[in-house]
Amino acid sequence: MTPLPDDPALTRRSFLTSGAASVGALVVGATEPPRRLGAPRRPYGERSPHETATRYLRPTATPDTASSRTPLQALYGIITPSALHFERHQSGVPDIDPAHHELLLDGLVDRPLVFTMEDLRRFPSKSQIRFIECAGNTSEDQVGRPGIDPQRSHGLMSCSEWTGVPLRTLLGEAGVSPRARWVLAEGADASRHARSLPLEKALDDVLVAYGQNGEALRPEQGYPLRLIVPGWEGNTNIKWLGHVRVVDQPYMTRDETASYTDLMPDGKARWFTFLMDPKSVITRPAGGQTLQGPGCYEITGLAWSGRGTIRRVEVSTDGGESWEDARLTGAVLPKAATRFSLAWRWDGATATLQSRCTDDTGATQPTREEVVAVRGLNGTDHYNGIKAWYVHRDGSVRHE
Amino acid sequence: MSRAAVIAALAVPLLSAFAVAQAPPSGIGRAATPADIRAWGASVAPDGTGLPAGRGTAAQGQRLYGADCAGCHGDRGQGIGEYPPLAGGQGTLASAQPVQTVGSYWPYATTVWDYIHRAMPYERPGTLTVDQTYAVTAYVLHLNGILPADAILDDRTLPRVRMPNRDGFVGDPRPDIVAHRHQRR
């Protein structure tokens with residue numbers, strides 16, 4: 001990606017002058033308070049007590065089959081802290097002793113095999129930064145009841161560095177039969193969550209992961225072992241992975257027939273709609289926040305696409321009348337969250353902030369109206385419409 | 001798209017499968033035993049692959065359903081609060097209020113057996129025996145008018161049950177939306 005010239009609204013010079021002024025003020029006014037020694041070392045770090053962002057847990061009668069959402073508005077860069085990664089469980093988070101956890105690989109293979117966690121770490125490992133997004137993320141926007149902030153509207157997407165062994169390597173160990181077409185992956189959670197994946201994907205970029213952001217997976221992310229299925233709906237990224245069976249057909253599990261299928265206006269439903277289309281959201285300024293007054297602000301947010309690499313993010317501050325290219329900051333990686341940034345001067349009038357991303361396949365985001373015209377309001381998984389936040393004159397930013 | 005078409009569309013060129021099979025194994029891991037495979041229980045495909053031998057009647061299923069399922073799903077499968085309905089909804093899929101249940105939506109009876117066996121009852125998943133699962137599956141299908149009250153299900157007959165929405169699914173047609181570049185200059 002070619003860097004765009006700095007936005008003239010916020011030049012280096014204006015940063016330098018304001019910086020020099022505040023340093024001067026500090027030196028003149030300082031009378032030093034008595035200093036005390038800080039806290040001692042600790043074996044496992046915690047964030048500052050001043051930081052309070054948490055996952056959002058919508059109240060439900062069935063918390064074991066439910067989700068929690070990432071506070072996207074509180075994050076910097078592209079990595080979601082493991083403690084804030086969104087959750088979706090079908091039967092709670094199992095407590096698994098890794099010393100007793102095994103992966104069974106059977107079915108249409110020459111050699112059915114069992115791997116311990118120690119075994120899996122003997123294979124050449126691979127680390128890759130990839131997003132995971134629940135198929136149902138942003139469905140409230142599709143039906144016209146958008147969440148009040150980025151967390152509630154787009155918080156079923158998180159991005160981590162995952163480390164593990166490619167599923168392709170393990171399939172090679174077992175020897176895949178020429179009759180094989182699919183794999184069935186099962187978790188060791190209480191309800192044995194299971195999904196079928198085409199063998200082509202299994203041999204492509206699927207990772208059997210034991211690491212997340214430099215340490216072991218968190219329990220709610222599948223400890224000690226999970227599938228990472230880059231770019232595909234979160235439900236296929238089987239957590240607490242214990243069994244991969246190589247098969248000749250999709251097994252038509254409940255979550256690939258009764259759920260995660262998209263009901264269309266004609267009453268037919270789409271199935272095996274695995275890919276998550278390009279999507280983006282402005283995380284600051286965004287719903288739930290307040291601008292301190294007219295002046296300069298950074299508009300920043302995240303864009304991602306299950307089809308490939310984000311190439312472009314455009315931002316509109318006038319409700320889609322005009323669009324300006326935002327800068328892609330930091331790493332720009334395939335099937336990963338990508339940070340965008342644009343300097344903006346708020347003049348104090350109402351404004352509508354929107355972002356629209358395009359990936360390297362040319363796929364881009366439609367408007368909500370364009371989605372609803374084709375897909376209606378019944379099937380709400382896989383929605384990727386352009387998101388708007390509304391800046392009011394009092395500086396409040398809202399979802400409407 | 002039919003199931004066969006889905007399989008064909010997503011099929012792997014045979015070459016790549018062979019290429020993987022021919023990589024020399026590292027020797028890491030151990031050979032799986034029949035006990036390892038049995039420990040994972042049943043996973044059932046639409047053609048019945050994986051269905052364990054066994055049988056159950058809708059009448060047996062009715063008793064079991066009353067004791068173990070009705071408290072959450074309702075005595076007629078109508079659903080209670082956040083607990084989903086298991087029956088009804090046929091003819092509603094194209095309406096503004098679609099009711100997606102086993103009877104109106106699920107394309108395969110094998111999926112009903114597989115899901116109940118792995119995931120229900122919700123608070124005690126994995127406790128139903130094979131025969132109990134055939135029985136309660138028969139009763140849930142009866143609640144939907146798909147099987148008669150005196151139905152018997154076993155590993156031979158279950159895959160032959162034709163579900164009302166069997167042909168209700170199509171493959172992924174995306175990109176299905178033309179995004180216009182809303183830019184007035």
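Strand β4 of chain A, residues 113-116, and strand β1 of chain B, residues 30-31, pair in the antiparallel sense over 2 bridges, and within this pairing A:Leu113 stands opposite B:Ala31. The structure is a predicted model, and the pairing between the two chains is a convenient place from which to enter it.

The strands just named belong to an open sheet of 6 strands, whose order is β8(A)-β7(A)-β12(A)-β3(A)-β4(A)-β1(B) and whose pairing is mixed. The edges of this sheet are β8 of chain A, residues 194-198, and β1 of chain B, each of which pairs on one side only. Strands of a sheet pair through backbone hydrogen bonds, either parallel or antiparallel. The parallel sense is found between β3 of chain A, residues 102-107, and β12 of chain A, residues 241-247, which are joined over 4 bridges, with A:Leu105 standing opposite A:Val244.

At the chain A edge, strand β7 of chain A, residues 182-187, runs antiparallel to β8(A), and 5 bridges join the two; A:Ser196 in β8(A) is the bridge partner of A:Leu184. These two strands form a hairpin with 6 residues between them, and in the turn A:Arg192 has a positive phi of about 50 degrees. Is this edge strand buried or exposed? In β8(A), 5 of its 5 residues are buried, so that the strand is mostly covered, and the cover extends to both faces, with A:Ala194, A:Ser196 and A:Pro198 buried on one side and A:Arg195 and A:Leu197 buried on the other.

One of the residues of β8(A), A:Arg195, is also in contact with A:Asp255, as are A:Gln90, A:His193, A:Asn235 and A:Tyr260, when the neighbours of A:Asp255 within four places in sequence are left aside. A:Asp255 has its place in the loop between β12 and β13 (262-263) of chain A, and it counts as buried because its relative accessibility is 5%, under the 20% cut-off. Its side chain is joined to that of A:Asn235 by a polar contact of 3.2 Å.

Elsewhere in chain A, strand β16, residues 295-304, is largely enclosed by the rest of the structure, because 8 of its 10 residues are buried. β16(A) pairs in the antiparallel sense with strand β15 of chain A, residues 279-284, over 5 bridges, and also in the antiparallel sense with strand β20 of chain A, residues 338-346, over 9 bridges. A:Ala303 takes part in both pairings, since this residue of β16(A) is the bridge partner of A:Ser280 and has A:Thr338 in β20(A) as a bridge partner as well.

Returning to the two chains, how much area do chain A and chain B bury between them? The amount is about 6600 Å², of which 57% is on carbon and sulfur atoms. Of the area that chain A buries against chain B, A:Tyr251, A:Arg254 and A:Trp271 supply 10%, more than any other three residues. In terms of residues, 87 of chain A are in contact with 67 of chain B.

The polar side of this interface comprises 5 salt bridges between chain A and chain B, and 23 residue pairs in polar contact, both residues being at pLDDT 80 or more. The residues on the side of chain A that touches chain B divide into 34 nonpolar, 25 polar and 28 charged. A salt bridge is also formed where the side chains of B:Arg174 and A:Asp277 meet, at 3.1 Å from N to O.

Notes:
Residues are numbered from 1 along each chain as its sequence is written. Chains are lettered from A and ligands numbered from 1 in the order in which they are written. This is a predicted model: local features need pLDDT of at least 70, side-chain atom pairs count only at pLDDT 80 or more; totals for chains, interfaces and linings use all residues. Side-chain values use heavy atoms; hydrogens and water are left out. Contact means heavy atoms within 4.5 Å. Buried area is the accessible area (1.4 Å probe) that two parts lose on being put together, summed over both. A salt bridge is a side-chain nitrogen of Lys or Arg within 4 Å of a carboxyl oxygen of Asp or Glu. A polar contact is a pair of N or O atoms within 3.5 Å; within protein, one must be able to donate a hydrogen and the other to accept it, and residues adjacent in sequence count only if both atoms are side-chain atoms. Ala, Val, Leu, Ile, Met, Phe, Trp, Tyr, Cys and Pro count as nonpolar, Asp, Glu, Lys and Arg as charged, and the others, Gly among them, as polar. Two strands pair if DSSP finds at least two bridges between them. Buried means under 20% relative accessible area, exposed over 50%, partly exposed in between (1.4 Å probe, protein chains only).
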